[in-house]
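Please look through the sequence and the model before reading the points below. They are written for a reader who is new to structures of this kind.

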There are 2 protein chains.
Amino acid sequence: MSSDSSSGTLADLGESGLVAKILARIGESKVASPSLEIAAGDDAAVMGTSGSSFVFSVDMYAEGKHFRTDWSTAIEIGRRCAAGSIADVCAMGATPVGVLLAIGLPAVTASHWVGEFMAGFIQEAENAESIVLGGDVSGCDSIVISVTAIGTIDSGNAVSRCGARAGDIVGICGRSGMAAAGLRVLQRGLRSPRVLVDAFRVPELDYTAGVRAAMSGATSMIDISDGLVADLEHIARGSGVGIEIETKSIVVPAELVSTAAAFGADPMAWILAGGDDHAFVATFPPKKRLPAGFVAIGRVIQDSIGEVLVDGVLYRDAYEVSPGFQHFSS
Amino acid sequence: MSSDSSSGTLADLGESGLVAKILARIGESKVASPSLEIAAGDDAAVMGTSGSSFVFSVDMYAEGKHFRTDWSTAIEIGRRCAAGSIADVCAMGATPVGVLLAIGLPAVTASHWVGEFMAGFIQEAENAESIVLGGDVSGCDSIVISVTAIGTIDSGNAVSRCGARAGDIVGICGRSGMAAAGLRVLQRGLRSPRVLVDAFRVPELDYTAGVRAAMSGATSMIDISDGLVADLEHIARGSGVGIEIETKSIVVPAELVSTAAAFGADPMAWILAGGDDHAFVATFPPKKRLPAGFVAIGRVIQDSIGEVLVDGVLYRDAYEVSPGFQHFSS
């Protein structure tokens, strides 16, 4: 894989290379705003005036990459797109308030599919107390969905990836590994265990968890979309710390154990590497009680900067790490 | 064409049918917010707290539908996507402050294309004093770009499509018909006149025109994306008025005259029906001086509600009206 960005294709550059390149370009912008609190690169950007700030994030979902219409109903795809995007503003400690939707559709798409997609999308937005603030439709070769999520927060209270301090407790709210296991089930042409497949189809989100974490003094927070360890690495790198987690603190659901056994897989590998559950992980000052719904699974350390240790061993040495979904692999 | 949305495809339903269906679904949402000033359906939604409001709009641009990589450079496509989206927040009278970008790309896309696209996108955002607040990338079968534009405005000052009153003066700021003519030139395999082709490739926008119009007491405003008459019809329907325009008030650029003559077309038809120039049209109380850059082209009348008259004749009777680009035609 080439890191030379002046020639070659995206298949050479890779997703992380492309994102780094784009963020570098954005960083070169000469426009400045006194009301910008947190710039692009975190879960969401934060901008505000007069004590109240808005939080902004966008995600894109492509047919065949993020979803398949034979694996999920239109309602489920609508719900998942809303949930995954709104999770980003929650992970800043913000209260979600609105979403904007842009959708590209082939002319052959059944009208009822679009109606069901919208029903699911609006239903999930409502679950998060969010208003659909706008949208656009376009013809397209395949189904592509872009969701912008917007939240509000008191200025200065947003929780970025960059505030974790040595000694902080790492807490998780929600399940990890369920969606990844559900995806493996679907990839094998199976439809059960239902609880795993459902976790892939529609993440089950606690939309007030982020606000609770922020009110409990969370020093950093992220929602798990790349995987528990991969997202904790984002916090570790952003905060200039190391993170140590203990697998004995993590409850492994029975369905994950049985399915992993049937597939000859390690359920803990799914929990540590599986993305798309959109559970929230946050760091909290020591000796403070974790907010409701959060379970302690580790702590922040001052060495191994940018790294995550699992049961005392560097994660990337201990587990056979799959790089997750590669958008531009050819 | 069937209007039955419970069966059939998007090719049957059409773009306007789909948008109406989606807006109806959004209208059924039970979530309400005291800070929502203007809901989905206008150029942009408006939401705010403590005297200051944010303005939100999203647009999607698909390869082969909105742009072709052999007709425009990556820089031009990046600039056009930014400009077209930011125009919507300007058309509410707001000051643009930020953009979010989601982009779907085939793995075979050249990395330098993406770099040039980003350079153009950021350059145009800077022209509008806007910060890139966030983004997402995804693999995709063809290039798809979604841009969310954000602006700010004092609460209560946003200019919607719904405030035009009989007697108001209709003013336009910017050119109309140039982009449509440029598109015809490119469709014929030609590359000149350059001024027309350039107008299609990158709209030339006055990003402060909307603020000037709002400060001059504009009663309604829109940016021309569907076509001058089609967008004035949006104002006429939204405001419950009729609109009368006089073609003798409209300056027809020389390149438009000569190209139309060469193509056997009527340059005024391009001016009246051509979209994508993103000029601003607004209505102003009578006897007030129009803001700088705006030229009077007509007035608001109390009959012919929802209709636009051109030189005293109902537009849709007088001109051979093309329905504009049809997204879902099969």
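The following points concern the contact between the chains and then the domains of chain A.

1. This is a predicted model, in which local features need pLDDT of at least 70 and side-chain atom pairs count only at pLDDT 80 or more, while totals for chains, interfaces and linings use all residues. Residues are numbered from 1 along each chain as its sequence is written, and chains are lettered from A, with ligands numbered from 1, in the order in which they are written.

2. Chain A and chain B each bring 77 residues to their contact (two residues are in contact if their C-beta atoms, placed from the backbone, lie within 7 Å).

3. On the side of chain B that touches chain A, the elements that each supply at least two residues include α1 (10-27), α3 (111-127) and β6 (144-154). Helices (H or I, at least four residues) and strands (E, at least two) are DSSP runs, numbered from the N terminus. With 11 residues, α1(B) gives the most to this side.

4. That side of chain B comprises 37 nonpolar, 29 polar and 11 charged residues. Here Ala, Val, Leu, Ile, Met, Phe, Trp, Tyr, Cys and Pro count as nonpolar, Asp, Glu, Lys and Arg as charged, and the others, Gly among them, as polar.

5. Chain A is divided into domain 1 (43-154) and domain 2 (169-318), with bounds from an automatic or database domain assignment. Their C-alpha centres lie 23 Å apart. Domain 1 of chain A gives 20 residues to the contact between them, and domain 2 of chain A gives 18.

6. Which element supplies the largest share of the side of domain 1 of chain A that touches domain 2 of chain A? It is α2(A), with nine residues. This side divides into 10 nonpolar, five polar and five charged residues.
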